[in-house]
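The following exercises are to be worked with the sequence and the coordinates at hand. Each one sets a task and is followed by a solution in steps.

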Amino acid sequence: MRLQRLPYGLRLLLVTVALGIGTGLVGIACHYLLEGVQWVAFGQHRLDLLQQFEQAGGVRRFLVLCTAGCLAACFWYVLQRRYKILSIRKQIELVGDVSPSPLVQILHAVMQIAIVGAGASVGKEGAPREFGALLGSCLSRECSLTLKDQKVLIACGAGAGLAAVYQVPFASSLFVFETLGLAYSWQNFLLVLTSTYLATWVARPIVGHDAIYHLSTVSWSASSFLQAILIALIVTPLALVFSSLAKLASRKRRKDESILWALPLAFLVLGGLVSFFPIFMGNGQVLAQALLSRQPVPYLPLALAMKGLLVYLLLRNGAYGGTLTPSFALGIGSGYLVTLLLTVVGIHLDPALGMLLGATVFLGTTLQAPLTAIALSLGFTGQDWILTIPLVLAAGMSYVIRKRWEKER
């Protein structure tokens, strides 16, 4: 009640600062939870995630995923029978009409992190975004902000959650405007930047500020423009197919009794595969790092198709999770593959730049956010912003192709 006596502008500022700090702490909690699940499931944590999975052994990987599938199926079946899970978009749309249940949303997000830690082929970014959105909703309501500003703070919380776990505040700010559709205004810019950068700063001592993926410095030349055009033309249709499958899976996700057998069966299929091929473990980080490190990935086209189908299989049969990291991995692989195919016909281009171009095109298509995709590709790999020039060309061409495809549907 005392806060409500403060001037409205001061209340808005206090909520934004509290959201940034709180979401940073959420990022730390998500980091520890993910590492804790991986430690329980696969043993001692190592710097190389693939090495951790490999040393656990095929039987252990299989059993962990089968157990995770059964637990996740029972959890989401019971939760969705009694309660309504609200997506971030729904929380924004229903402000003033329906308030999310904090306990339900928290449990839902925790399970997402748990299955990713157990090796599920979905992204981990959904959970911290939902945590942040929930925090923004609760704080803004408690401080009696207007419905308009409540919507803004929910979007800010989602962006801050993404920034905290991945340490990419600028890309996360762009994500709020491009993907969540927040209106462009000076006040919104200030609120988004304050919350995302503050969340990043709070989480940094624990999450770390190093690039997630290790890649030597990449340069570009005049031939990079040709490479950007060719990759945009070839990779964009692949990204559109994956995006359509992911959306279809989310729309038709199993929520009735059939989830009790379908989701464990999907995890059984995944467990059987990764017991022999651990590179398919997790959200795609292992596959992406293997490609960026130039490690051999046998039957790469088949491996990429299989990774995309695994994401669809889990989402369609009842699992929840993001598609950001899987999209990044598929983009890395697609860009690398296109560059290799061009080499066969006598066009020699830089494979490292090809992977970054592929990742930018894939992310821009699946997130429907080309600027965010550029910032994420550079932020994830720690590359210099000078690479923005060829990445902008690829993202721009991909955007045009996607818009034409959407218009013709």
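**Exercise 1. Decide whether Glu406 is buried, partly exposed or exposed, and then trace its salt bridges.**

Solution.

Step 1. Glu406 has a relative accessibility of 29% and is therefore classed as partly exposed. The cut-offs behind this step are under 20% for buried and over 50% for exposed, with partly exposed in between. The model under study is a predicted one.

Step 2. The side chain of Glu406 meets that of Arg402 in a salt bridge, with an N to O distance of 3.1 Å. Because Arg402 and Glu406 stand 4 residues apart in helix α17 (residues 388-408), about one helical turn separates them. Arg402 has a relative accessible area of 4%, so this residue is buried.

Step 3. A salt bridge also pairs Glu406 with Lys403, at 3.9 Å from N to O. Both residues belong to helix α17, where Lys403 and Glu406 are 3 residues apart, about one turn of the helix. Lys403 is partly exposed, because its relative accessibility is 38%.

Step 4. Through shared partners, these salt bridges connect Arg402, Lys403 and Glu406 in one network.

**Exercise 2. State how many salt bridges a search of the whole structure finds, and describe the one between Lys90 and Glu93.**

Solution.

Step 1. The search of the whole structure returns 3 salt bridges.

Step 2. One of them joins the side chains of Lys90 and Glu93, with 3.8 Å between N and O. The distance satisfies the criterion, since a salt bridge requires the nitrogen to be within 4 Å of a carboxyl oxygen.

Step 3. Helix α4 (residues 88-93) holds both Lys90 and Glu93, which are 3 residues apart, about one turn of the helix.

Step 4. The relative accessible area of Lys90 is 41%, so Lys90 is partly exposed.

**Exercise 3. Determine which side chain of opposite charge is nearest to the buried Glu125, and what the side chain of Glu125 reaches.**

Solution.

Step 1. Glu125 sits in the loop between α5 (102-117) and α6 (126-142).

Step 2. The nearest side chain of opposite charge belongs to Arg129, 4.1 Å away, and Glu125 has no salt bridge although it is buried. The pair does not qualify because the criterion asks for a nitrogen within 4 Å of the carboxyl oxygen.

Step 3. The side chain of Glu125 instead reaches the backbone nitrogen of Leu324, at 2.9 Å.

**Exercise 4. Identify which helix supplies the largest share of the nonpolar patch on the surface.**

Solution.

Step 1. The patch consists of Phe170, Tyr184, Trp186, Phe189, Leu193, Tyr197 and Trp385, which together have about 850 Å² of accessible area.

Step 2. Helix α9 (residues 186-207) contributes 4 residues, the largest share.

Step 3. Leu193 lies in helix α9 and is partly exposed because its relative accessibility is 36%.

Step 4. Leu191 is also placed in helix α9, but its relative accessible area is 6%, so Leu191 is buried. From Leu191 to Pro102 the separation is 89 residues in sequence and 23 Å in space, C-alpha to C-alpha.

**Exercise 5. Locate Ser144 and Gln368, and give the phi value of each.**

Solution.

Step 1. Ser144 is not a glycine, yet its phi is positive, near 55°. Its place is the loop between α6 and α7 (147-166). With a relative accessible area of 37%, Ser144 is therefore partly exposed.

Step 2. Gln368, which is likewise not a glycine, has a positive phi of about 55°. Gln368 is found in the loop between α15 (351-367) and α16 (370-381). Its relative accessibility is 34%, so Gln368 counts as partly exposed.

**Exercise 6. Set the annotated transmembrane regions 152-177 and 385-401 against the helix content of the model.**

Solution.

Step 1. An unreviewed UniProt entry annotates several spans as "transmembrane region", including residues 152-177 and 385-401.

Step 2. For residues 152-177, the span is 92% helix and 0% strand, and the end C-alpha atoms lie 10 Å apart.

Step 3. For residues 385-401, the span is 82% helix and 0% strand, and the end C-alpha atoms lie 25 Å apart.

Terms used
Residues numbered from 1 in each chain as written. Predicted model: local features only at pLDDT ≥ 70, side-chain atom pairs only at ≥ 80, totals over all residues. Heavy atoms only, no water. UniProt positions renumbered as here; feature names shortened; annotations may be inferred. Helix = DSSP H or I, 4+ residues; strand = E, 2+ residues; numbered from the N terminus. Patch = residues over 30% accessible without salt bridge, like charges linked within 9 Å, V, L, I, M, F, W, Y side chains within 5 Å. Areas by Shrake-Rupley, 256 points an atom, 1.4 Å probe, with all protein chains shown as cover. Buried < 20%, exposed > 50% of the residue type's maximum accessible area, 1.4 Å probe, protein only. Lys, Arg positive; Asp, Glu negative; His and termini not counted. Polar contact = N/O pair within 3.5 Å; in protein donor to acceptor, adjacent residues only side chain to side chain.
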